Amino acid sequence: RDSQQAETERLSRWEKWRRSTSKSLKKALSEVKGLSSYLVLWRRDIRSIEGKFGTGIQSYFSFLRFLVLLNFIIFILMFSFVILPTIISTFGLFNSTIAYTPPKNIDDICTIYKPSGNKGLVYFYTYLKDLLSGTGFLEVTSLFYGYYSIDAVWISIMRYNLPLAYLLATFAYLALSFLWIIKRSVEGFKHNLVHDADPFQSYCNKVFAGWDFCITDPNAARLKHRSLQYELQMDLQEEKLKQKIAERRMEEKFRIYSLRIFINITVIAILSGCFYSIYRVTVFSQENSNGIGNANSQVNLLVQYLPSMVITLANFIAPQIFAFLIKFEEYTPAFEIRLTLLRCVFVRLANIGVLLFSLWSQISDCGSDKCKPCGYNYKLYPCWESDVGQEMYKLMIFDFIVILAVALFADFPRKLLVTHCSCKLVQWFGHKEFEISDNVLEIIYGQTICFIGTFFSPLLPAIATIKYFIIFYVKKIVLIHTRKPAARPIRASSSNFFFLVVLLIGLLLAFVPLGFSIARIPSSKACGPFRNFNTSWEVIPDTILQFPTGLQQFLFGISSEAFAVPFFVI
């Protein structure tokens with residue numbers, strides 16, 4: 001009996017210690033989680049925007065914050081596995097050396113590559129041109145693919161396979177982006193299911209359980225009050241629209257559907273015009289940019305930038321037209337955003353596709369035996385990967401310049417005119433609302449460029465991170481000082497989910513040109529880490545052949561069609 005009592009006492013002490021430890025750990029984790037919430041980027045700014053302009057506009061800024069973090073992680077990935085080893089080996093740090101493999105069965109004419117790096121005294125105009133176009137001094141830096149012409153890095157006794165690391169880092173950032181977007185999309189999809197399941201339940205949740213009783217700051221309470229007010233206003237607006245749709249007569253339905261058919265025909269005509277214009281301009285630029293002499297350097301610069309300028313112009317004008325036309329179709333606010341996004345996404349993403357198609361048609365133009373020694377047009381594109389990287393860089397820079405220019409030379413002058421001028425024509429324009437669909441398409445377009453261009457320009461994610469960081473504050477200032485709250489509020493949950501779906505479409509479309517570049521187009525023999533391989537993909541089977549026989553058979557088995565097709569279907 002004494003031993004049983006002692007055993008019971010020992011177990012109870014252990015149980016007490018386990019429970020107290022568990023409580024202490026949960027409390028510590030809760031405090032760490034609470035402190036970490038204060039470290040969230042732009043936490044206070046986004047809450048302030050939510051209270052003043054509603055959750056729909058807040059969802060745009062939250063989406064922008066997500067892209068800043070995504071691009072920063074992609075940059076860290078590329079920097080750690082590609083850029084840093086190259087820098088270490090170039091400067092001989094940590095007793096490192098560079099290993100070069102002499103080219104095999106490659107014609108000497110294919111290895112000639114003379115970047116147009118600036119030498120001697122250079123005018124400021126030339127530096128500015130190089131900064132905008134990625135040529136000159138930027139072409140020979142770590143910004144572009146051609147800089148990484150290293151086969152391996154020896155750090156002490158360890159051999160670092162740079163071509164393999166370059167390709168695997170590309171696959172890693174694409175897989176990371178895909179999984180992260182899917183994860184956030186699933187969360188948004190859950191919110192949509194909860195809301196769509198029972199609107200009355202959603203209304204009751206806001207009325208009886210929407211308030212946060214932990215709020216003690218008066219400013220935070222005021223922002224929360226405004227946020228709930230916008231949510232309720234949006235619910236009432238949607239119910240009002242549904243009631244209006246249900247009460248439509250046959251004549252009114254006929255008028256609305258006829259108008260929608262006419263507007264959709266107009267939209268198709270605009271899309272066709274944009275695609276054809278970009279195609280013609282790109283062909284003209286490719287055919288004439290190298291035919292203009294040095295005496296007309298400014299004209300040559302204009303011809304080189306012509307595709308980027310026309311693409312940027314189409315991306316700016318088409319969404320404005322779509323946003324104007326959608327008002328006459330009488331859709332709900334949420335569906336209005338989705339339809340405008342789908343229309344605009346065809347313009348922006350197809351523009352990139354037309355540009356890349358034109359470039360690859362020139363790279364693979366093998367008429368008159370132009371490609372016979374090297375497998376690609378080596379005379380026009382000795383390092384074609386860097387040329388593609390320069391085009392992506394130009395699109396990124398031009399997109400950023402246009403966003404800043406619109407804010408400085410359109411939004412703020414409009415605000416001043418409306419405020420200080422009593423002219424009826426000026427007052428008719430009035431204060432402009434913050435167009436969520438147009439602004440979301442701007443950043444999704446830029447992010448798609450980053451997804452495609454990172455393989456050809458490893459530092460592009462760093463540029464995108466800085467770009468979106470600046471755009472956040474530009475858009476915030478524009479929103480607060482030049483925009484008015486939306487007349488029809490928009491739900492954040494549905495907006496967040498659809499933004500991520502459109503971004504996922506952009507990522508999936510980026511897989512096509514990247515896969516084609518890696519697996520089909522012969523890699524440049526004069527630059528880059530894959531110059532000793534026929535294509536970039538060949539580094540994978542070349543590495544696998546160095547593994548033991550059993551592991552080789554396993555890896556080749558899972559990469560075969562007999563395994564891959566059922567796997568992707570499942």
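**Exercise 1. Work out which charged partner, if any, Arg65 has, and what surrounds it.**

Solution. Start with the charge: Arg65 is buried yet has no salt bridge, and the nearest side chain of opposite charge, Asp45, is 8.8 Å away. Here buried means under 20% relative accessible area, with exposed over 50% and partly exposed in between (1.4 Å probe, protein chains only). A salt bridge needs a side-chain nitrogen of Lys or Arg within 4 Å of a carboxyl oxygen of Asp or Glu. For opposite charge, Lys and Arg count as positive and Asp and Glu as negative, while His and the chain ends are not counted.

Before going on, keep in mind that this is a predicted model: local features need pLDDT of at least 70, side-chain atom pairs count only at pLDDT 80 or more, and totals for chains, interfaces and linings use all residues. Residues are numbered from 1 along each chain as its sequence is written, and side-chain values use heavy atoms, with hydrogens and water left out.

Next, place the residue: Arg65 is found in helix H3 (residues 55-90). Helices are DSSP runs (H or I, at least four residues), numbered from the N terminus. Finally, leaving aside neighbours within four places in sequence, Arg65 is in contact (heavy atoms within 4.5 Å) with Val40, Leu41, Trp42, Arg43 and Ile46.

**Exercise 2. Find the salt-bridge partner of Asp45 and say where the two residues sit.**

Solution. Asp45 pairs with Lys476, and their closest N and O atoms are 2.7 Å apart. The pair links distant parts of the chain, 431 residues apart: Asp45 is in helix H2 (residues 43-53) and Lys476 in helix H14 (residues 460-482). Lys476 is buried, at a relative accessible area of 19%.

**Exercise 3. Describe the salt bridge of Glu442, then find Glu442 in a cavity lining.**

Solution. First, the side chains of Glu442 and Lys475 meet in a salt bridge at 3.3 Å, N to O. Glu442 lies in helix H13 and Lys475 in helix H14, so the pair ties together parts 33 residues apart in sequence. Glu442 counts as buried at 13% relative accessibility, and so does Lys475 at 10%.

Now the cavity, a set of points on a 1 Å grid over the protein atoms alone where a 1.4 Å probe fits but cannot get out; lining residues have an atom within 4 Å of a point. Glu442 is one of the residues lining the largest cavity, with Arg348, Asp399 and Tyr445 also among them. H11 gives the largest share of that lining, 4 residues.

Notes: 1 Å grid on protein atoms, 1.4 Å probe; cavity = no way out; pocket = protein on both sides within 12 Å on 5 of 7 lines; lining within 4 Å.
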